[in-house]
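The following briefing goes through a structural model topic by topic. Please keep the sequence and the coordinates open beside the text while reading.

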Amino acid sequence: MDIFNSSQDSLVSVHNLTFSRGEKKIFDDISLEFERGKITAIMGPSGTGKTTLLKIIGGQLFPNRGNVIVNGRNVHNLKRDELYTLRRRMGMLFQSGALLTDMTVFDNVAYPLREHSHLPESMIRSLVLMKLEAVGLRGARDLMPNELSGGMARRVALARAIALDPMMIMYDEPFTGQDPISMGALVLLIKSLNTTLNLTSIIVSHDVHETAAIADYIYVLSEGKVVGQGTPQEIQQSSSEWVQQFMNGAADGPVHFHYPAKEYMDDLLHSEKPLFSRHRPSNDRTAKRRRYS
Amino acid sequence: MMDFFRYLGAGTRKSFTKLGRASYFLISILTGIGSVLVRPRLLLKQLHSVGVLSFLIITISGLFVGMVLGLQGFYILSRFGAEETLGVMVAASLVRELGPVVSALLFAGRAGSALTAEIGLMKATEQLSGMEMMAIDPIKRIVSPRFLAGFLSMPLLAALFSAVGIIGGQIVGSGLLGVDDGAYWSQMRANLDFQGDIINGIIKSVVFGFVTSWIALFEGYDAIPTAEGVSRATTRTVVNSAFSILGLDFILTALMFGDN
Ligand SMILES: Nc1ncnc2c1ncn2[C@@H]1O[C@H](COP(=O)(O)OP(=O)(O)OP(=O)(O)O)[C@@H](O)[C@H]1O
Ligand SMILES: [Mg+2]
C-alpha cells in the first residue's frame with residue numbers, strides 16, 4: 001500500500017515501523033492503517049508495546065525506522081509548534097488516567113479548554129458538565145483525583161480527552177477496572193462518540209469480547225509483529241494459532257506468558273553477580289517494569 | 001584493570017551527557033519564562049509554596065544563627081575590648097556569608113527537595129506526558145513558574161535571614177551581654193559597605209537561587225519515573241545543591257572580596 005493511497009481513507013497510517021528500547025526490539029517493521037471514522041482495536045499480550053505504539057503515534061517517542069502519518073502529516077518530521085497544533089486534535093486516554101493531581105475533576109476537564117480556547121467561563125462550565133455527564137461523573141466534579149477510584153479516574157480522563165472535540169482518540173485500556181455497568185456504558189459511549197462525532201478511535205485493550213463488539217477492525221500484535229488482522233469476524237475465525245490463543249485466552253501456545261528469560265532451572269541453580277554492580281545495564285529498568293497481567 | 005577504566009569512562013560520559021541534558025533543559029525553562037509573565041497566577045501560586053512556606057524555617061534559623069554570632073562575637077571581641085563593634089561583626093558575617101549560604105542550604109532542603117519530588121512524581125504518574133498530549137507544554141506551565149518563583153524568592157529569603165539574624169545578635173549582645181545598644185547599630189551603619197557587603201551578598205543569593213532551582217527542577221524532570229527513582233533524585237537535589245552552593249560561594253567570595 002503506498003502512502004498516497006492509504007492517506008485518503010486512513011487518518012493514521014503506520015509504515016514499516018521499527019522501534020527498539022535498548023537491545024530489545026519492540027516493533028519490527030510493522031505497518032498498520034487506521035481508517036477515518038472507524039474503531040480500530042489493537043490487541044496483544046501485556047508488554048508487546050501497545051502503549052508504546054500509541055506514544056509513537058502521538059509523537060512522544062521517535063521510531064528507529066519507518067514513519068507515522070496522521071491526517072496527511074508525518075508526525076515525526078513536524079516542527080514542535082506543528083506537532084502541538086496536531087495534538088490538539090488527537091485525544092489520548094492514558095492507561096493511568098494521568099489526571100493532574102492538584103486540581104479538581106472539574107478543573108481537570110476544563111484545563112485543555114481553558115488553555116486552548118478563549119471561551120467564556122460560563123461556556124466552559126456547560127461544556128465540562130456535558131462531558132462529565134457523558135461519562136457518568138457529573139456528581140464527582142468537586143472531588144480531587146486522589147479521591148477517585150482507578151475506573152473513575154479513567155472515565156474523567158476520557159471526559160478530558162473529548163473536551164476539545166478531537167478528530168481522533170487513542171484509548172489505552174479504557175475498560176480496565178470498570179464494573180460491568182460502567183463497562184457497558186463506556187462501550188456505548190465510545191461507540192456513540194464514533195458515530196455521532198465521526199471520531200476515529202484507536203482502542204488498546206485486553207478485553208476481547210467488549211472490543212470485538214465495537215471494533216470495526218482489529219490488529220493483534222505479538223513480539224513486535226502483526227500476527228493477525230481483520231474484522232472481528234475474520235479474527236474470530238482466523239486460522240492463526242497466535243490469534244486463536246489470544247482470543248480464547250489459552251495459557252499455552254505460541255504466545256508466551258513469560259517475559260523472555262533463560263531456562264527456568266538454569267536461573268534457579270546459578271546466581272549471577274555482575275563485576276561492577278553500579279554499572280547498570282541500560283535495560284534494567286525494563287526488567288523492573290515487567291508486568292504479568 | 002581495563003574494566004576499571006571502562007567504568008570510569010562510562011561514568012564520565014554519563015556525567016557529560018547529563019550536563020548536556022541539564023543545559024538544554026535550562027534553555028527551555030528560560031524560553032518558557034515569557035509565558036509565565038502573562039499568567040501571573042501561576043507564578044503567585046508557586047511563590048507561595050516555594051517562598052512563603054519557607055518563611056518559618058528561614059526566620060527561626062536566622063534568629064538562632066544571629067544569636068550564636070552574638071555570643072561568639074562578644075567573647076572574641078571583648079578580649080580586645082572591642083565589644084562595640086559586635087554589630088559590624090554580626091551584620092558583616094550575615095550579609096556577606098551566612099545569610100546567602102545558610103538560607104540557600106535551607107532552601108535546597110525545604111523547597112528544592114519538594115520541587116524535585118513534585119516534578120518527579122508528576123512524571124511518574126504520566127501527568128507530564130498527559131499535558132504534552134493535550135498540546136500543553138509542561139515546561140512552560142509547570143517548570144518555568146517554579147523556576148522563576150525559586151529564583152525570585154531566594155534573595156528575599158536571604159535578606160530575611162540576615163535581618164532576623166542581626167536582630168538575634170542584638171538580643172544577645174545588648175540584651176544579655178550588655179553591649180551598648182546605640183553602639184551596636186551605629187557601628188554597623190558606619191562600617192557596613194553598601195556596595196562591598198550588601199550588593200555582593202545579594203549577588204550571591206541570586207546565583208544560589210538560580211542554581212538551586214535549576215538543580216531541583218532538573219533532577220525531578222530527569223528522574224527515573226518510579227518511587228525509588230524519585231527518592232534518589234530528591235537526595236541528589238539536596239547533595240548537589242549543597243556542593244554547588246558551597247563551591248560557588250568560595251569562587252564568588254574570591255572574586256568579590258579577593259582584592260581587599
Ligand atoms: N521507559 C521504558 N524504558 C525501557 N523499556 C520500556 C519502557 N517502557 C516500556 N518499556 C518496555 O517496552 C515494552 C512495551 O511496553 P508497553 O508499555 O508498550 O506494553 P503494553 O503492550 O502497553 O503492555 P500492557 O498491556 O501491560 O500495558 C515492554 O517490554 C516494556 O518492558
Ligand atoms: Mg500498556
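Which residue's side chain meets that of B:Arg6 in a salt bridge? In this predicted model, the partner of B:Arg6 is B:Asp3, with 3.1 Å from N to O. The two residues stand 3 positions apart in helix α1 (residues 2–37) of chain B, so about one helical turn separates them. B:Arg6 is exposed at 58% relative accessibility, whereas B:Asp3, with a relative accessible area of 30%, is partly exposed. Elsewhere, A:Lys25, A:Asp28 and A:Lys225 are joined into one network by salt bridges that share partners.

**Chain A as a whole**

- The secondary structure of chain A consists of 12 helices and 10 strands, and of its 293 residues 48% are buried.
- When contacts in chain A are restricted to residues at least 6 apart in sequence, 62% of them join residues at least 24 apart.
- Chain A has an accessible surface of about 15,300 Å², and carbon and sulfur atoms account for 51% of that area.

**A nonpolar surface patch**

- On the surface, A:Tyr264, A:Met265, A:Leu268 and A:Leu269 make a nonpolar patch of about 510 Å².
- Within this group, A:Leu268 belongs to helix α11 (residues 264–269) of chain A, and its relative accessible area of 53% places it over the 50% cut-off, so A:Leu268 counts as exposed.

**The magnesium site**

- The magnesium ion, ligand 2, is coordinated by OG1 of A:Thr51 and OE1 of A:Gln95, at 1.9 to 2.5 Å.
- These two residues link distant parts of the chain, being 44 residues apart: A:Thr51 sits in helix α2 (residues 50–57) of chain A, while A:Gln95 sits in the loop between β6 (90–93) and α4 (105–116) of chain A.
- Both side-chain donors come from residues classed as partly exposed, A:Thr51 with 23% relative accessibility and A:Gln95 with a relative accessible area of 26%.

**The contact between chain B and chain A**

- The size of an interface is often expressed as the accessible area that is lost when the parts come together.
- By that reckoning, chain B and chain A bury about 2,400 Å² between them, with 55% of the area on carbon and sulfur atoms.
- Of the area that chain B buries against chain A, 29% is supplied by B:Tyr7, B:Met133 and B:Met134, which is more than any other three residues supply.
- Counted by residues, the contact takes 24 from chain B and 29 from chain A.
- Between chain B and chain A there are 5 salt bridges, and one pair whose side chains meet in a salt bridge is A:Arg80 with B:Asp137, at 2.5 Å from N to O.

**Salt bridges within chain A**

- Over all chains, the structure holds 22 salt bridges.
- One pair is A:Glu35 with A:Lys38, whose closest N and O atoms are 3.6 Å apart; A:Glu35 is partly exposed at 35% relative accessibility, and A:Lys38 is likewise partly exposed at 34%.
- Another pair is A:Glu133 with A:Arg138, where the closest N and O atoms are 2.3 Å apart; here too the residues count as partly exposed, A:Glu133 at 45% relative accessibility and A:Arg138 with a relative accessible area of 38%.

**Backbone angles to inspect**

- Most residues other than glycine have a negative phi, and it is against this background that the following two residues are listed.
- A:Asn16, which is not a glycine, has a positive phi of about 45°; A:Asn16 is placed in strand β1 (residues 10–21) of chain A and is partly exposed, with a relative accessible area of 43%.
- A:Glu223, also a residue other than glycine, has a positive phi near 45°; A:Glu223 lies in the loop between β9 (217–222) and β10 (225–230) of chain A and is exposed, with a relative accessible area of 55%.

Terms used. Residues numbered from 1 in each chain as written. Chains lettered and ligands numbered in written order. Predicted model: local features only at pLDDT ≥ 70, side-chain atom pairs only at ≥ 80, totals over all residues. Heavy atoms only, no water. Helix = DSSP H or I, 4+ residues; strand = E, 2+ residues; numbered from the N terminus. Buried < 20%, exposed > 50% of the residue type's maximum accessible area, 1.4 Å probe, protein only. Contact = heavy atoms within 4.5 Å. Areas by Shrake-Rupley, 256 points an atom, 1.4 Å probe, with all protein chains shown as cover. Patch = residues over 30% accessible without salt bridge, like charges linked within 9 Å, V, L, I, M, F, W, Y side chains within 5 Å. Salt bridge = Lys/Arg side-chain N within 4 Å of Asp/Glu carboxyl O. Donors = N, O, S within 2.8 Å, 3.2 Å for Na, K, Ca; no water. Buried area = accessible area lost by both parts, 1.4 Å probe.
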